[in-house]
Structures are given as C-alpha cells and as structure tokens.
Amino acid sequence: MDKLVIQGVASLKGEVTISGSKNAALPIMAATLLTSEDCVIRNVPMLRDTKTMVALLKSLGKKVEFSKNKLTVTQPAALKHIADYKLVSTMRGSFCVLGPLLAKLQKAKVSLPGGCVIGIRPVDLHIKGLTALNAMMNFDNGYVIAKTKGLKGAHIYLGGVFGSSVLATANVMMAATLARGTTVIESAACEPEVEDLANMLIDMGAKITGHGSPKITIVGVKKLSGVNYKVIPDRIEAGTYVLAAAATRSNITIKGANYTHLMSLMDKLEEAGIKVINEKGIIHVKARKVIKPVSVATHPYPGFPTDLQAQFLAVMALAGGISVITDRVYPDRFIHIAELNRMGANIRREGTNAIAQGVKKLYGAPVMASDLRASAALVIAGLAAEGTTEVHRIYHLERGYEKLEEKLVALGANVWKEKA
Ligand code: UD1
C-alpha cells in the first residue's frame, strides 16, 4: 500500500488546472444506461471511482473505452439488471445505476451500498422516490430488488432528515425521464452535479425544467438518444487547492474551475482574511500570514459543502483564535480530528461541532487517511506543517483527486509517493 510523503512547510506558487467533477461524472456515466445508443463523455477524471463505475457499466453489458479523460460507451448486447455487491460496496456512487436500470428494463437488482466512516448513509429517499414512480421495492440478502409494470410520473417530496439528497435526486430524475407522464420532485438537491446530470439528460432528449432549484419537473419521453457531453469542473478539488494555499499562506492561480460553484467557500475565506479574486474564470488566491478564525456549518448546496468541511478545519487549525465547524449533512464526519491533533492541532469534538483553537504551527507526523476528504485535510495539514508528514492509506485520495502528487509538485510542493 502506498503512502504520500510531504515535506513541509510548503510554499506553493504557480497554477493548477482543475479536473472534471467526480460527483458529476458518476451519475452521468450511470445515465448512459438509459439509452442503447453510443455516448461520449468528456472531461471525466481518471480516478479509482470512475474506473469502478466503468467496471460496473461493463458488468451490466456496456462496452466502455476510457482514455485521456474521454469515455466512449456503446452497447453491443442486451443490458443486464444485476449490480453486484463487489462493485457497489466499494463506492456509494454506484447506487445511482438503480434508477436507470429500472427505467430501461423495468427491473433492477442492486446491492445496498452500506455505511462508511462518515456515517450510516441510508437509502430511504431513493426507495421512497422510486416507489412513488410505481416501482415495487423489496430487500433480499443485501440487495434492493426493484420491479415495475411501467413507471408513472408522480409529485414527490424528496427532503429527508438532513435535507435534500444528491444521489436520490439523481436516481429519481433519471428514472422519471422514461416514466409515463409528469414527475415533480420537491426538495430536490440543487447541487451543480445534479444540474449537470439534468443538462446531459436534456441533450439526450429528456424534458426537464427547474434543475438547479429545489423543484424539478420531468415530462417523461419514450426514448433517449446517444450524447456527446462534457462534465463540469470539480468544485471540491478546486476548493481543496484554494484551502491548501490558505493553510500554507501561498499565492496560487486556479484554472478551469467554476467560481460561482464555490461562493459559500469564498464568502468564508473573505471572513478569514484570505483574498480570492475571480478574473474571467481564473481564480487567484492571495493568502495572508494571519488567518482569522471563522465558524461555519455545512448544508446542502448552495450552503457550505460537507465535502470541504475537513479541509476547512485543517485551515482553521492554524487560525488566530477559536472557530466552530458544524456538519449538518454528516454529523459524524469528524474522524480527521484525531489525526490533525496528532500533528499539533488543538481541536475537540462536541456533538456535531468541531471546536478548533488555532495553533501557531503544525508538526509533521505519520497519519492515517480514513476517507476521501479527510485524507485531503491531512495533505493540507502536511503541506502547512513543519517537517515530514506521511499520509498512509492514500488509496482514499486516489478515489477523488486526479494527479494529486503531480499537481502539488507543479505548485512547488515537496511531495512524493512511497511504498508503506
Ligand atoms: C453525495 C456525494 C458526496 C457528498 C454528499 C453530500 C456523490 C457520488 N457523492 O453523496 O460526496 O458528501 O452528496 O453533498 O455525489 N440521506 C438520507 N436518506 C437517503 C439519502 C441520504 O437520509 O436516502 C441523508 C444522508 O445520510 C446525508 C444527507 O441525506 O445525511 C445527504 O446525503 P446525500 O446527498 O444523499 O449524499 P450522497 O448523494 O450519497
């Protein structure tokens, strides 16, 4: 197993180009199941997770070529309806094949994804939404078995205890594209990744309006066609580099990101005294020596993303005072606190809050990555820390950050991979 070695304190400079969005690409790849025609998807990040989705599509009968960030999906034979445990359990994003399979084949058997270190992660909203579309949903031996005599449009409220759900909205929206009649999803997720999926479906011939807002209307069509589509940039990757610059008090330039997708982060950075300038789509980060403490709570989009909570906490660990970081999307997503504290941070957890008393310095240490975004927080801390940090279990990072080591080295960081 590889580890990432970081020699700090890094002084980052130069520019970094942002890859395509992982969380947009995964449901977009699943949406190719809605047509038997050829699909070309561009700007797909070459990551462990997108490769898992390629394997899943292949296991379902698609032929997939994936090179240079371009995916070509064709269908040489009939689709299969069973999504295997081995492929769904390693990545929750796989669960969004359920809606397309059900719509296309009137049946699907998809392994339940299970929980992970960031929380229990139920699928009740997926089940509720698809049931409302006239599907019969049963559970057997760790699988969801879905059947329908024909999907029918419905008026569905899809809000849950923690607000809207990204992948439940994606699953229901994809299924509704081929349902008879009109579907209205209330309390739909507004994330740019859901909007991107809707735009791709529209290019395939779907009739969707309201995407990007909490009320999405889908008028079912008989058939969807092939598509040639480009995935949006990854806002979480972009936010991670912005926060790496903030923690190391560096000035860097970020190309290819969508600034408007990051407004909640930019607002908090301004409060922290970090200057971020958006110049015709190019983002310049000018960090300051003194980081002001800023409190934040995560919310569904356009609120502060839970996927940047850990990285933001790594920056606040170095602020000149106390900040309170609350996760309202995944209340248990705080496993990184203990690892950051091993590097000299002073953070304690109280319920759904992380309370950080900023320290002057962090110190390098061997640390253990627990999940994708927590790993990114440890990399940020390692870049800002004095001495050597070893981030173990970097396969988590490989799930979501394309060419991370290469991009950091190009920014002047002293980072390399080693066998652990
Ligand atoms: C997606 C993202 C993930 C991100 C998350 C929240 C992908 C592949 N993953 O995950 O990176 O952290 O959005 O922005 O896009 N919930 C329920 N019932 C459900 C579904 C979800 O209660 O049926 C809860 C979850 O436990 C969580 C909240 O709703 O508390 C939001 O989760 P959701 O938006 O569904 O996350 P994912 O779509 O799985």
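How far is an oxygen atom of the ligand from an N or O atom in the side chain of R92? The first close-up answers this, and the other views then move through the rest of this predicted model.

**View 1. The ligand and the residues around it.**
The distance asked about above is 2.9 Å, from a ligand oxygen to an N or O atom in the side chain of R92. Look next at L125, where a polar backbone atom is 2.7 Å from an oxygen atom of the ligand. D307 takes part through its side chain, with an N or O atom 2.6 Å from a ligand oxygen. In total, 18 residues surround the ligand, and those that come nearest are D124, L125, S165, D307 and V329.

**View 2. A closer look at S165.**
S165 has already appeared as one of the residues that come nearest to the ligand. Its place in the chain is the loop between β10 (155-157) and α6 (166-177). Is S165 buried or exposed? With a relative accessible area of 16%, S165 is buried, because buried means under 20%. The side chain of S165 also reaches the backbone nitrogen of A168, at 3.1 Å.

**View 3. Helix α8 from end to end.**
Helix α8 runs through residues 235-247. Does its length come out as expected, and what should its 13 residues span? At 1.5 Å a residue, α8 should span 18 Å, and its end C-alpha atoms are indeed 18 Å apart, so the two values agree. The helix is mostly covered, with 13 of its 13 residues buried. At the N-terminal end, D234 acts as a cap: one of its side-chain oxygens lies 3.0 Å from the backbone nitrogen of I236. On the other side, α8 is followed by R249, which has a positive phi near 55°.

**View 4. The second largest pocket.**
Stay with R249 for a moment, since R249 is also one of the residues nearest the centre of the second largest pocket. The others named there are A247, K289, L318 and K360, out of 17 lining residues. This pocket has a volume of about 370 Å³. Sorted by class, its lining has eight nonpolar, three polar and six charged residues.

**View 5. The cavity beside α8 and α12.**
How many cavities of 30 Å³ or more does the structure hold? There is one. The largest cavity encloses about 60 Å³ of space. Its lining is made up of T240, Y241, A244, A376, V379, I380, L383, L397, Y401, L404 and L408. Three elements give two or more residues to this lining, namely α8, α12 and α14 (404-410). The element that gives the most is α12, with four residues. By class, the lining divides into ten nonpolar residues, one polar residue and no charged ones.

**View 6. A376 in the cavity lining.**
One of the residues lining the largest cavity is A376, and this residue is found in helix α12 (residues 372-384). A376 counts as buried because its relative accessibility is 3%, and the cut-off for buried is under 20%. Between A376 and H396 there are 9.1 Å in space, C-alpha to C-alpha, and the two residues are 20 apart in sequence.

**View 7. Two cis peptide bonds.**
Which residues does a cis peptide bond with omega of about 0° join? They are G8 and V9. V9 lies in the loop between β1 (2-8) and β2 (15-17). Another cis peptide bond joins Y301 and P302, this time with omega of about 10°. P302 sits in the loop between β18 (296-298) and α10 (309-316).

**View 8. Positive phi in two loop residues.**
N141 is a residue other than glycine, yet its phi is positive, near 55°. Look for N141 in the loop between β8 (135-140) and β9 (143-148). With a relative accessible area of 72%, N141 is exposed, since exposed means over 50%. K280 is not a glycine either, and its positive phi is about 50°. Its loop is the one between β16 (275-279) and β17 (282-286). At 84% relative accessibility, K280 counts as exposed too.

Key: Residues numbered from 1 in each chain as written. Predicted model: local features only at pLDDT ≥ 70, side-chain atom pairs only at ≥ 80, totals over all residues. Heavy atoms only, no water. Expected span 1.5 Å × (residues − 1). Buried < 20%, exposed > 50% of the residue type's maximum accessible area, 1.4 Å probe, protein only. Polar contact = N/O pair within 3.5 Å; in protein donor to acceptor, adjacent residues only side chain to side chain. 1 Å grid on protein atoms, 1.4 Å probe; cavity = no way out; pocket = protein on both sides within 12 Å on 5 of 7 lines; lining within 4 Å. Points joined across faces, edges and corners; volume = space filled by probe spheres on them. Nonpolar A, V, L, I, M, F, W, Y, C, P; charged D, E, K, R; others polar. Near = heavy atom within 4 Å.
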